[in-house]
Amino acid sequence: KSSHETRANTFYVKFAASPFTSSADHIEAQHANFHKELNKRGIDVKIKDVFKRYANGISIEIDERHVKRIAEIEHVESVEPVKIYKRINPIKPIEFKKESLNKRNEDDLNRTILIAPNNDINSVHEITGVKKVHEKLRLSGKGVKVGIIDSGIDYTHPALGGCFGPGCRVAFGYDFMKDTNDPYDNCIGHGTFVAGIIGGIDLRDNGPGFVGVAPNVIFGAYKVSSCPNEIDGEHGILETTVMKAVIKAVDDGMEIINMSLGFAGDDRSNLAILINEFAKQKGIIFIVSAGNYGESGLFTIAMPSNAQNSISVGSFETDKVINFKAFDPKNPKFVINYITKRALAFTFKNIKSIKVKLFPMSKCLNYDYNEFNDTIIIIDYRVKNICPEHLMQKTLNPRGRFVISPRPFDLPDKRNRAIIDSKQADILIKYLEKNPNLELDFSDKYGYMEYKPFSVVPSAFSSWGLTEELNIKPEISAPGQLMLSSFPVNLSPYVVMSGTSFSSPYIAGIAALYIESFGKQSFDQLKIAFMNYAVPRKDRNHLLAPVIIQGAGLVDAFNMLKATSFVYPPKINLNDTVHFNGSHKLNIYNSGRKEMKYKLSHIPAPSINGYNNTSPRNYINLEYFTKQNQYANVQFDNDQIAVPPRSSVEVSVTFISPRELPMDGHFFYSGWLEIAPLDEKMSIMTVPYAGLADDARSLPLFQTPTFPALVSLFANKTIARIKEEDPIKTFTLKLLNETIGLYDYPSVVLNLATPTQMIITEILDDKQSLLGW
C-alpha cells in the first residue's frame, strides 16, 4: 500500500551459509573471505553490524555504485537496502510537551484509576475468556519470559513492578539506540502500554485495579526506538536493529516475543527469515501486529506479521470502554458519557458547572470567537466543511472540548478534550436546541464501564489480508480498540489507545498462560490451539466477517486452554484459480481419555470484491456477496467421525470455488470448516480457509483508474491531478522559494491496490530518449 523506506547507502549483505545448519568455522570463513575480497577489489566500506549467530550477514555503508561489485563476491547471497520499520502506532498517538518529559509527578505516580462501584475495569477479559482463566484455572503466566521489542518499558510504573533487573518484573532488557543496559521508556509510551496489556497489575488500595492478561510474566524490554530527534534524527527503526533485538531476546531466554512494529512489505525480508528460523529451530513464539491500514483495503498486512512463522493479530472493538459522566444540574436525569485519552474525568479547579456550546464548524469564519471563551465547546468533525484546527487554536480559549468524530477510535490528545460518540452527540445537540443556556456538571470523577456501539466486531483500522502469496493473515484477532493500559508515569500513568499494536500483546499474554499450563510448546502446536478455538464473529454489516479481516476469529482463551481435541492444519489456503488445489486433508486429534465423535460442517463467509474503484476500500465500500452459489462449495468424505482416545483420524475435504460471482470483479471467498463434538460439554473447533476466484495475475495494480497520476506537488499548495483524457502536460518549473532554493517539480503518484515487487518509472525527453528511471 505504501513504499517501504530504506536507509540511504546502507545495505545488508547476506552470506549463503545458514548458522542453523553450518559450523561456526564455516560462517567465520565466509566473513573473512568477504573482507579479503573487499581489500582485493579496493572497495571501501563502513561496517555497521555483524551477524554470525542465528543470522549470517553484515550491514555496511557504501556508495551504491559498488553494490553490483559486492554482489559478485563469492558466498554473497544477496545485497539489499536496509529497511526502516515503524512502530504500528496507535491511532492518534499522544503528543506531550517536551518540558514535561523528565518531570516525575508523585501524584501521577501514585494515581490509581478511579472506577465506580460495581464496574469492572478489566471487563475486556470477559469477551476473550481470560477472566474465566484467571478465576477457574488460576493461571497468571508465572515465570514465563515475554520479550517486548518496542520503545522500552517504564519499569518504574507500579503496575510493571517498579524496578529493573534481577528479581524485578522487568528483569531483562537493552537500549539498542544508545547501546546501554537501560531500556527505560521515557517519552513514547508505546512499549509501556504493550507491557501493561500483556502483564500489568495494579491492585493498590485493594480497589478494582488494572490487571493485564498474564500478570505474573517476566518481561524483557528491548528498546529499538527513541524520542523524536533524540538519536541522529532517526524517525524509524532499522531492520538490522530489530534483528539484533530479536537475537538478544532469544539469548535472554524469552519464550514469547511481541513485535508491534512493521511496514508494508513482503515476507522474504531478512527479519522474516530470522523469525521463521527461530520459530522452527528453537520454538520461539513470535506474536506480531497485523497493521492499522485496513481503511486502504485488501493486501495491507504489515511486515513482519506476514512472516510464515509469526502469528499475525488483527484488532476487534471492545464491548465496553471507560466513560465519564456529565449531567445537567437542573435535570439530573440528562447525562452525557464522554471518553478521555488519559482515563481521567475533566478536571476543573473551583468550578462545578460549565456552559456548553456547539461550535459551528461550517461557518467558523463568521463568528465572534469570544463568545466561546470559558465554555465547553462541541466540535462536530462529521461536518465536511470544517474550520481549520490551527485557526481554532489561535482564536478560541475554551474550558474544554467535546469532539464528535466519525472515527470513534481517534481519541483527542490534549487535556480537557474528550470524545462523544455520534449517538450521544445527536442527543446532546438536540438537547441544546431546547436548552441553549445549558451548563453541565463535571463533579463526578468516577469512571464507568459502558457498552459501546459496534461491540466485538473487527476494527475498521485493522489490516486486511491476504498476503501477496495469498496466505491467510491475520490468523487470529483480539481486542485492540479503545484499550486501557499503563503509560510512563511522568506523562500519564494510564491512557486509552487503539491499534493492532495492542491486540498483538493481548495474544502474547494468552500465549504465556498457555505455556504456564502446558510447558514450552512448539510454534505449530500453539498456533493450532489459538486458531482452532477462535470464534468467528460478525462485522458492522451484521454479516459474518470474512476470514481475511478476522483470521480464525476472536480469541477464546478459556476453551483453548481446556481443549482435548485439535485439528491440523489450522488454516487452508486455496490460492487463485490458476493454482487452485481443492483437495485437502484434515487430521482430527483426540488427546482425551475417551472416544470422541464429531460432526463436520461448513460455515461460509460473504465473498468480497476489493476492486470496485472506491477509495478508501474499507468495510463500508467493499462489495459483499451472500447468495448460495457465491460461496465456496465444501464436501467431506465423511461428515461424522469417531476418534479413539489419544489418536487421530484423517478426513478428506473437497472445495469447489464459487460459481456465480460476477465476471467483472475480483472476488475473495472464505469461510470455516466446523468440527463440532457431539458431546455438548466440549467446545467447537473451526479451520478457516480463503481463496481468490480469479487469476492473481489479472488483479489491477493500481487502486482506481486515476492512478498512476502525474502531479505538481507545490502548485497552489495542492496536488493537481492530470486527467486521463489529457495525458500530455507541460510543466514550467518555477522557483518557489529563492531563499531555500525550493523548486516546483512534477511527481508520479502511485496508489497500489495489489502488492508488486517493483515499479519502474522511466523519464523520457521529447524525443522519447531515456533520461533516467
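## Exercises on a predicted model

In this predicted model, strand β29 (residues 583-590) runs antiparallel to strand β34 (residues 647-656), and eight bridges join the two.

**Exercise 1. Strand pairing**

Task: Find the bridge partners in β34 of S583 and of F636.

Solution.
- Step 1. Start with S583: its bridge partner in β34 is T654.
- Step 2. Turn to strand β32 (residues 633-636), which pairs with β34 in the antiparallel sense over four bridges.
- Step 3. Look up F636: its bridge partner in β34 is V653.
- Step 4. Put the pairings together: β34 pairs with β29 and also with β32.

**Exercise 2. The disulfide**

Task: Which cysteines form a disulfide, and is the link left-handed or right-handed?

Solution.
- Step 1. Recall that a disulfide is a covalent bond between the sulfur atoms of two cysteines.
- Step 2. Search the whole structure: one disulfide is found.
- Step 3. Identify the pair: C163 and C168 have their sulfur atoms 2.1 Å apart. The cut-off is 2.5 Å, so a pair within it counts as a disulfide.
- Step 4. Read the angle about the S-S bond: at -120 degrees, the link of C163 and C168 is left-handed.
- Step 5. Check the surroundings of each cysteine. C163 is partly exposed, at a relative accessible area of 29%, whereas C168 is buried, at 13%.

**Exercise 3. Salt bridges**

Task: For E28 and K52, give the distance between the closest N and O atoms, then work through K48 with E61 and E475 with K571.

Solution.
- Step 1. Recall that side chains of opposite charge can pair when their charged atoms come close. The count for this model is 24 salt bridges.
- Step 2. Take E28 and K52: the closest N and O atoms of this salt bridge are 2.8 Å apart. E28 belongs to helix α1 (residues 24-41) and K52 to the loop between β2 (46-51) and β3 (57-61), so the salt bridge ties together parts 24 residues apart in sequence.
- Step 3. Check the exposure of this pair. E28 is partly exposed, with a relative accessible area of 40%, and K52 is partly exposed at 33%.
- Step 4. Take K48 and E61, whose side chains form a salt bridge at 3.4 Å, N to O. K48 is in strand β2 and E61 in strand β3, 13 residues apart. K48 is partly exposed at 37%, and E61 is partly exposed at 28%.
- Step 5. Take E475 and K571, with closest N and O atoms 2.8 Å apart. E475 is in the loop between β23 (448-451) and β24 (476-481), and K571 is in the loop between β27 (565-568) and β28 (572-575), 96 residues apart.
- Step 6. Apply the cut-off: under 20% relative accessible area means buried. E475, at 0%, is therefore buried, and K571, at 11%, is buried too.
- Step 7. Extend the pair: K473, E475, K527 and K571 are linked in a network of salt bridges.

**Exercise 4. Nonpolar cores**

Task: How many residues has the largest nonpolar core, and which helix gives the most to it?

Solution.
- Step 1. Recall that in soluble globular proteins, nonpolar side chains tend to be buried together.
- Step 2. Read the count: the largest nonpolar core has 119 residues. I149, V246, I256, M259, F530 and L673 have the most contacts inside it.
- Step 3. Find the helix: α11 (residues 500-518) gives the most to this core, with ten residues.
- Step 4. Inspect M259. Leaving aside neighbours within four places in sequence, its contacts include I149, V246, L271, F286, P304 and S504.
- Step 5. Look beyond this core: another core, of 40 residues, lies apart from it, and F324, A343, I429 and M449 are among its residues.

Methods: Residues are numbered from 1 along each chain as its sequence is written. This is a predicted model: local features need pLDDT of at least 70, side-chain atom pairs count only at pLDDT 80 or more; totals for chains, interfaces and linings use all residues. Side-chain values use heavy atoms; hydrogens and water are left out. Two strands pair if DSSP finds at least two bridges between them. Buried means under 20% relative accessible area, exposed over 50%, partly exposed in between (1.4 Å probe, protein chains only). A salt bridge is a side-chain nitrogen of Lys or Arg within 4 Å of a carboxyl oxygen of Asp or Glu. A nonpolar core is a set of buried Ala, Val, Leu, Ile, Met, Phe, Trp, Tyr and Cys residues joined through side-chain atoms within 4.5 Å. Contact means heavy atoms within 4.5 Å.
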